[in-house]
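Biologist: I'm new to this one, so could you take me through a single part of it slowly? I'd like to start with one pair of neighbours and work outwards.

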Amino acid sequence: METLESELTCPICLELFEDPLLLPCAHSLCFNCAHRILVSHCSTTKPLESISAFQCPTCRYVITLNHRGLEGLKRNVTLQNIIDRFQKASLSGPNSPTESRRLQPQRPYTATISGTIAGTIGGGGGTGGGSARSSPATSSHSHPHSNHTNHINHNNANHSPAIVVKMEPRISCQFCEQDPPREAVKTCVTCEVSYCDRCLRATHPNKKPFTSHRLVEPVPDTHLRGLTCLEHENEKVNMYCLVDDQLICSLCKLVGRHREHQVSSLTDRFDKLKAYQVSPGRVSDAVMEASKTSAAQTLENNLTNLVKRNSELENQMAKLIQICQQVEVNTAMHEAKLVEECDELVEIIRQRKQVIAVKIKESKVMKLRKLAQQIANCRQCLERSSALITQAEQSLKENDHARFLQSARSVAERVAMATASSQVLIPDVNLNEAFDNFALDFSREKKILEGLDYLTAPNPPSIRDELCTASHDTITVHWTSEDEFSVTSYELQYTIYTGQTTFISLYNSADSWMIVPNIKQNHYTVHGLQSGTRYIFFVKAINQAGSRNSEPARLKTNSQPFKLDPKTAHKKLRLSNDCLTMEKDESSLKKSHTPERFGGTGSYGAAGNVFIDSGCHYWEVLLGASTWYAIGVAYKSAAKNEWNGKNSSSWVFSRCNNNFMVRHDGKEMLVEASLQLRRLGVLLDYDNNSLSFHDAMNSQHIHTFEISFLLPVVPTFMIWNKSVMILSGLPVPDFVDGVASDLQEHQQQQMGLCRQESPYLTGMKTCH
């Protein structure tokens, strides 16, 4: 049956031939498929009627059409009769595996993939279509009203004991006129309509042409119609391109960009995808190898990543929800605090209003009392003055000489007395008692109230590297802040930075940080630091609302200052009073021999007065006219009776007349340096296990030792002619620091590899 079905399948739609045409090349083609081929060649300048030929999709033979077009081709009646009989035979045995698979409508690709994924999650042992929905034998047609969840047990012990399968919803008849419509019992694939039993008998009698219609168990309308092609509108996808790994339609294969590609039917592709989902223990190695490159494996990997991503998103969303809840809580708290603070301000204003109002009333009463007393005094004086005026006027009207003379004298005396004492009679009135020199000015307070706002944490301060200074044991840090007036105090934090860890890991390690709290200025000097050591600093600006940190700044103390130790100087060397210069002196001086002193023939050396066991230190040696010297470092245990570099405890840069070399453990290697070298820079980076030499005047690197230091080292100096002078406690120059940074990066790249103590070439010329 399957072989016969493949012979009756159209090469375009991959369905049974429908109204087949017999082509001149003896192949057949559905009438509708042939029509779609012609339509695909149409354009605005080339109508359908003008197309006179097309290629056979099977053999590429050019089919020429006459004026009748497709109607001019013969119908393949014999093939149609065979198809009709085949369909009747198939309908008579609907439970056969072939028919069950053939009559099952092609599901959309997305549904197929969902079924594959669901099978993978549930244990991978599904049957039939393998999707989450049940096969037609267990569909809602057998249980019309079952919307519950059905549990299907698997006998395979390797799989999960049960898989939860969600049943399909009830499918209604699309032809019924009653409301609600009856439940569908069949779906016609040809009509693309679901029918109940009554409507099916009415619309599909057992006669042509309805006998050729394909009836299947009820399926949803979305499953029946399937997916449409992205490139050809209204064309259903019915093939799978194996080259581009995507769904295509018949026109894509016939005339589209997939014309030369290898394709497969959706059923075959679905079966292959499902075959790759079986348990790894039940397939051969070859199948397993193929499954690793299959789309199913890709889907499974993508699903795993997607589930992981979903978990991360859920965690992130939970954190965001928690933050939202915290925002709600903090907002409510701040709103309550705002109301409380504003109520307190209003209460203060109310109280001050009452106090000021009482003061105004008291001032008013006092001033009115004074004014009333003055008014009473004025009234009394006015009455006395009026009485005297009346008496004087009466005396002037007296005609009796005796009486006039008797009263005139006393009246005149009283008037003269009153005139003379006018300052006493008229009371002193204070015109400033009118209360007009009193004012209420709250403009300053109003500005303050208008500026009321919630306080925020200050902006991060900025460390000014160009203003920071350092010595060998101190660093002064300077910073600026945009919100200087809102900052209550600053906090300075610092720690040693070795370059082996990131700032984030250092920041999370709270135990390694030193903290200087409650700083009121914009600068601070840290004392007691290690010399020649890099530190990380950051400043925290603090107020009542919170704090913010500056960007970290890397600062470094200067190198350890040192001098030449007279106790170690060879007896034929003369040191200056400041112990910074040493000179070869052939006249033997009477110096006591000690174990620390350089001795032996030719070992004219001296050591510094410090032992270095950490940090990064730089010093320079002024060579002057000396042409025979050796400058470097050594362990305390290094032999004092032989040249430095002849043993495994010392490392030196040496000049022997016109030859420059580096020496360690008796091995020498020539290096390039200028004969005019007058100033030698030495960089000892103990923390990063390196010792490098530089031409300080020309800013050139000469050589670097990579050393795994085991003990503290001391600077050493040897000369065989002239004199040298040392300059210590210097900051590392920029050109030297750049070389050291490159070396440190190289060391980090080589971390985890075996590193020799130092590379040397053997067989080099030895200076004698």
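How many bridges join strand 31 (residues 679–685) to strand 32 (residues 690–695), and do these strands run parallel or antiparallel?

Modeller: Strands 31 and 32 are joined by 6 bridges and run antiparallel. One spot to click on is Leu-684, which stands opposite Leu-691 in strand 32. Bear in mind that this is a predicted model, where local features need pLDDT of at least 70, side-chain atom pairs count only at pLDDT 80 or more, and totals for chains, interfaces and linings use all residues. Residues are numbered from 1 along each chain as its sequence is written, and side-chain values use heavy atoms, leaving out hydrogens and water.

Strands here are DSSP runs of E, at least two residues long, numbered from the N terminus, and two of them pair if DSSP finds at least two bridges between them.

Now zoom out. Strands 31 and 32 sit in an open sheet of 7 strands, ordered 23-24-35-26-31-32-33, with antiparallel pairing. At the edges are strand 23 (573–575) and strand 33 (700–706), each pairing on one side only. From one strand to the next, the twist averages 20° (axes are lines fitted to C-alpha atoms, with angles from 0 to 180 degrees between N-to-C directions).

For another antiparallel pairing, look at strand 17 (residues 489–496). Strand 17 pairs with strand 20 (residues 534–543) over 8 bridges, and Tyr-490 stands opposite Ala-541 in strand 20. Strand 17 also has 4 bridges to strand 18 (residues 514–519), again antiparallel, with Tyr-494 opposite Met-514. Strand 17 is mostly covered, as 7 of its 8 residues are buried (under 20% relative accessible area, 1.4 Å probe, protein chains only).

Conventions:
Buried < 20%, exposed > 50% of the residue type's maximum accessible area, 1.4 Å probe, protein only.
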